[in-house]
Amino acid sequence: MQHNEEMENLALLYSYGELDSNREGEFLQHLKDCPECQNIIRLTGIITAAMPEVKAPDGLCTLPLAAAEQPKKQSFLETIAQAFSFKRLVPAGAMMLIFAVMGITAFKLGSFNTPVYDTYVDGMYAEITDIEDDIDDLYAYFDAF
Amino acid sequence: MIHDDIIIYNVKNGNTEDFGLIVQKYKDSLYSFIFYSVKDEAAAGDIFQDTMLKALTEIDKYKEEGKFKAWLFTIARNKVTDHFRKNSRFIQLSEEEDADDFASSSDNTEARAQSNISLEEISQYIGRLPKEQQEVILLRPYLSFKEIASALDCPLGTVLARMNRGIKKLQQFMGEEYAA
């Protein structure tokens, strides 16, 4: 197979072990007789060997690790969203409803201006007035004698 | 070994201490890439810490798609670019500008045996490549070509082309002849 840019790309993939297995046979056949591709593989080997992995100095990871151990800071929006989450809203709503009902009931029962109480007092006054009238009638009767 | 996306999921859900696993896993490869890019130990240390801190603080921006390593190296690459921008004495060539203008005649003619090429020489030659070619060559030891394409947000073919042009240019700098 003729040397071209596609073969050079395959050479790069092959030199780093990333060539698809279904193309490997075709490429190896080409590689046997292609000095350009052999050169590419050779050069990638030189570059890789000349840049070995460098160990990170001790202490370099201290700052990132310390930052990772800090609790995650919530943004203001996240705090609001958490405060108003469904899990919290339902019991809070129920409690508010109960307190509202209790408050209204207490207000109605504890007030001295309720119509029920007024009616009761008016009734009492009416009876007392009737009794007074009866007493006045008795006095008038006895005065006649 | 726990998959990166599982670790990241835990970190996003409040277990930030799990990020330490990420730091330990990638510290050497990430530091190596940064070191070979800037060729300065102190600067490499600063950029490394900035990269890890940024990855932690912006972890919510990463969508678990099995590309965390490429995402992390993208942050490092951007930090390296920022470093060069601040230190304007470093000349960063683009592919439009050709490094041939900067190659001295003595380097082109000087013969170098394959086995004698040193780290310093390779670093020097890589530093004379256009930025796009440098990036690919420096990332390749740590990322696959597909991961590099993801990190640089370009097609795989473009990555391979840049790598190809880069190593051919390095060969010119090394003063070797194409084998006939």
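Angles of 65 to 115 degrees between axes count as roughly perpendicular. Keep that range in mind for the last stop. The model on screen is predicted.

**Stop 1: the whole interface.** Select chain A and chain B. Their contact draws 35 residues from chain A and 48 residues from chain B. Together the two chains bury about 3,700 Å², and 68% of that lies on carbon and sulfur atoms.

**Stop 2: a salt bridge.** Now look for charged pairs. Between chain A and chain B there are 2 salt bridges. Select A:Glu8 and B:Lys168 for one: their side chains meet at 2.8 Å, N to O. Residue pairs in polar contact between the two chains number 9, counting those with both residues at pLDDT 80 or more.

**Stop 3: the chain A side.** Color three helices of chain A: α1 (5-15), α3 (35-50) and α4 (62-68). These are the elements that give two or more residues to the side touching chain B. The largest share, 10 residues, comes from α3(A). By type, this side of chain A holds 21 nonpolar, 5 polar and 9 charged residues.

**Stop 4: two helices crossing.** Keep α3(A) and add α9 of chain B, residues 156-174. How do they pack? Their axes lie 10 Å apart, at an angle of about 80 degrees. α3(A) and α9(B) are therefore roughly perpendicular to each other.

Show side chains next. On α3(A), pick A:Asn39, A:Ile40, A:Arg42, A:Leu43, A:Thr44 and A:Ile47. On α9(B), pick B:Asn164, B:Ile167, B:Leu170, B:Gln171 and B:Met174. These residues make the contact. They divide into 6 nonpolar, 4 polar and 1 charged.

Definitions and conventions
Residues numbered from 1 in each chain as written. Chains lettered and ligands numbered in written order. Predicted model: local features only at pLDDT ≥ 70, side-chain atom pairs only at ≥ 80, totals over all residues. Heavy atoms only, no water. Contact = heavy atoms within 4.5 Å. Buried area = accessible area lost by both parts, 1.4 Å probe. Salt bridge = Lys/Arg side-chain N within 4 Å of Asp/Glu carboxyl O. Polar contact = N/O pair within 3.5 Å; in protein donor to acceptor, adjacent residues only side chain to side chain. Helix = DSSP H or I, 4+ residues; strand = E, 2+ residues; numbered from the N terminus. Nonpolar A, V, L, I, M, F, W, Y, C, P; charged D, E, K, R; others polar. Axes fitted to C-alpha atoms, helices over the stretch in contact; angles between N-to-C directions. Parallel < 35°, antiparallel > 145°, perpendicular 65-115°, else oblique.
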